[in-house]
Amino acid sequence: MIDLLAAHLALRGRATGLVVATTGSVTLSATPTGFARTAGSFLDDGFVVGMEIASSGFAQAANNGVGVVVGVTDLALTVSMFAVSGAAGVQTITRPATVVDPAAAGRTITAGFPSFRAWENKPLEPGATIPYVEEDFVPATHKVLTAPANTGLAEETGLYVLKWYGVPEIGVAALRKSNTALAKLFTPGTHLAAGADIVRMRGDAAVVSGQILQMSTGWAVLKLTIPWRAYSANVVAP
Amino acid sequence: MTLSDDIKIFNEKIDVWDRDVFDKTGELIYTSIVEGSAITGAPGQPVDEGGLRASWSRVYEDANTQLIGSGLSSYNLQNEDGIARPGGGEYKLKSPVGGRHSVALTVAGFGAIVDAAKAGDA
């Protein structure tokens, strides 16, 4: 049978590598409300309100971090930066503003996988209006397809479910674009190394996105369900 | 007996076989969602006082349509995906039996369910 921990971590690793939108390495400046540019377009790069971004390459340390987009034009990205200290239960979230940082090259802003992650069996204390993700790794079936039992081909299937909690009442763009980009990482035929085995994204029951659910207490959530399959050589223990 | 008679008998047998597979498929889907299934890996519905499992039903809308569903929409949904309703956030499992994603696992295992129904080995 496959190494299920390796499979779980492979799927998780694939998800955390998500890039929904990025400026690439370009010339950017920082302002007291976020980031600015004189060429190119934040809108064309794919940024929308509600996405969590990570900024890097700025001279002022306060401008390198994470935040949530609260406004977008071609040349300005308005961002509510945040910083987290302490563990869940005693964590503190601060909202430091960006500081003026003259334009320079080699700077990047990327919207990707949320930094708040409710991994299985780990605590998470979400921050208000900061997106977060919950995961469920669900091994399901296991059977041997070929004889002899020892060395025969074994098949395992299961689901990997990601629940993306986003900023409510801002429309569907941030959640839907993020979810779609995430789904594209798990299209049928995608292979992931999981230890000595390979986890394959199924085609007969393929990755599927859900409905955006607006919850009553401040979140909108969108689920992605990823069916997977893996083959291994069955080993009969002596 | 003519060739026509043979074909008629064959078709009647096929019709009966189709009906058996259809009935068995619905039965296996219902069982997978409610009680769990080795065919799909679905854990089945959690049990506290039994209300959730009892809420699921399987009925024939007509000869060619089976409806499988639960009347406890909110309670059922949060037990399916673990998203607490109406507030959001994690909905923690309180039952030692059953689990999450039984509907999704049953959908993903539909092909295996039909294969089992055809084989008559479930």
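Mentor: Before we look at the strands, note that two strands count as paired if DSSP finds at least two bridges between them, and keep in mind that the model in front of us is predicted.

Trainee: Do β9(A) and β10(A) pair in the parallel or the antiparallel sense?

Mentor: The pairing cut-off is at least two bridges, and β9(A) and β10(A) are joined by three. Within this pair, A118(A) stands opposite E134(A) of β10(A). The sense in which β9(A) and β10(A) pair is parallel.

Trainee: How many bridges join β10(A) to β11(A)?

Mentor: Here the two strands run antiparallel, and one place to look is Y132(A), which stands opposite Y165(A) in β11(A). Between β10(A) and β11(A), the number of bridges is twelve.

Trainee: Which residue does a cis peptide bond join to A147(A)?

Mentor: The bond in question has an omega of about -5°. The residue that follows A147(A) across this cis bond lies in the loop between β10 and β11 of chain A. That residue is P148(A).

Trainee: Turning to the loop between β9 and β10 of chain A, is N121(A) buried or exposed?

Mentor: N121(A) has its place in that loop, between β9 (116–118) and β10 of chain A, and its phi is near 65°, a positive value in a residue other than glycine. Exposed requires a relative accessible area over 50%. Because the relative accessible area of N121(A) is 83%, the residue is exposed.

Trainee: What relative accessible area does T129(A) have?

Mentor: T129(A) also has its place in the loop between β9 and β10 of chain A, and it has a positive phi of about 60° although it is not a glycine. Partly exposed covers values between 20% and 50%. T129(A) is partly exposed because its relative accessible area is 41%.

Trainee: Which residue in β8(A) is the bridge partner of T22(A)?

Mentor: T22(A) belongs to strand β1 (residues 19–22) of chain A, which runs antiparallel to strand β8 (residues 101–112) and is joined to it by three bridges. Strand β2 (residues 26–31) is likewise joined to β8(A) by three bridges in an antiparallel arrangement, with L28(A) bridged to A104(A). For T22(A), the partner is T110(A).

Trainee: How many bridges pair strand β4 (residues 52–56) of chain A with β8(A)?

Mentor: The sense is antiparallel, and I53(A) stands opposite A111(A) in β8(A). The number of bridges between β4(A) and β8(A) is four.

Trainee: Moving to the two chains, which residue of chain B forms a salt bridge with K223(A)?

Mentor: Contact involves 20 residues of chain A and 18 residues of chain B, and the two chains bury about 1,400 Å² between them, 62% of it on carbon and sulfur atoms. Across this interface the rule finds one salt bridge. The closest N and O atoms of that pair are 3.9 Å apart, against a cut-off of 4 Å, and the partner of K223(A) is D81(B).

Trainee: Which element gives the most residues to the side of chain A that touches chain B?

Mentor: Besides the salt bridge of K223(A) with D81(B), the rule finds three residue pairs in polar contact across the interface. The elements that give two or more residues to this side of chain A are β10 (132–144), β11 (153–166) and β16 (220–233). With six residues, the element that gives the most is β10(A).

Trainee: How many nonpolar residues does the side of chain A that touches chain B have?

Mentor: By class, this side of chain A also has four polar and five charged residues. The number of nonpolar residues is eleven.

Methods:
Residues are numbered from 1 along each chain as its sequence is written. Chains are lettered from A and ligands numbered from 1 in the order in which they are written. This is a predicted model: local features need pLDDT of at least 70, side-chain atom pairs count only at pLDDT 80 or more; totals for chains, interfaces and linings use all residues. Side-chain values use heavy atoms; hydrogens and water are left out. Contact means heavy atoms within 4.5 Å. Buried area is the accessible area (1.4 Å probe) that two parts lose on being put together, summed over both. A salt bridge is a side-chain nitrogen of Lys or Arg within 4 Å of a carboxyl oxygen of Asp or Glu. A polar contact is a pair of N or O atoms within 3.5 Å; within protein, one must be able to donate a hydrogen and the other to accept it, and residues adjacent in sequence count only if both atoms are side-chain atoms. Ala, Val, Leu, Ile, Met, Phe, Trp, Tyr, Cys and Pro count as nonpolar, Asp, Glu, Lys and Arg as charged, and the others, Gly among them, as polar. Buried means under 20% relative accessible area, exposed over 50%, partly exposed in between (1.4 Å probe, protein chains only).
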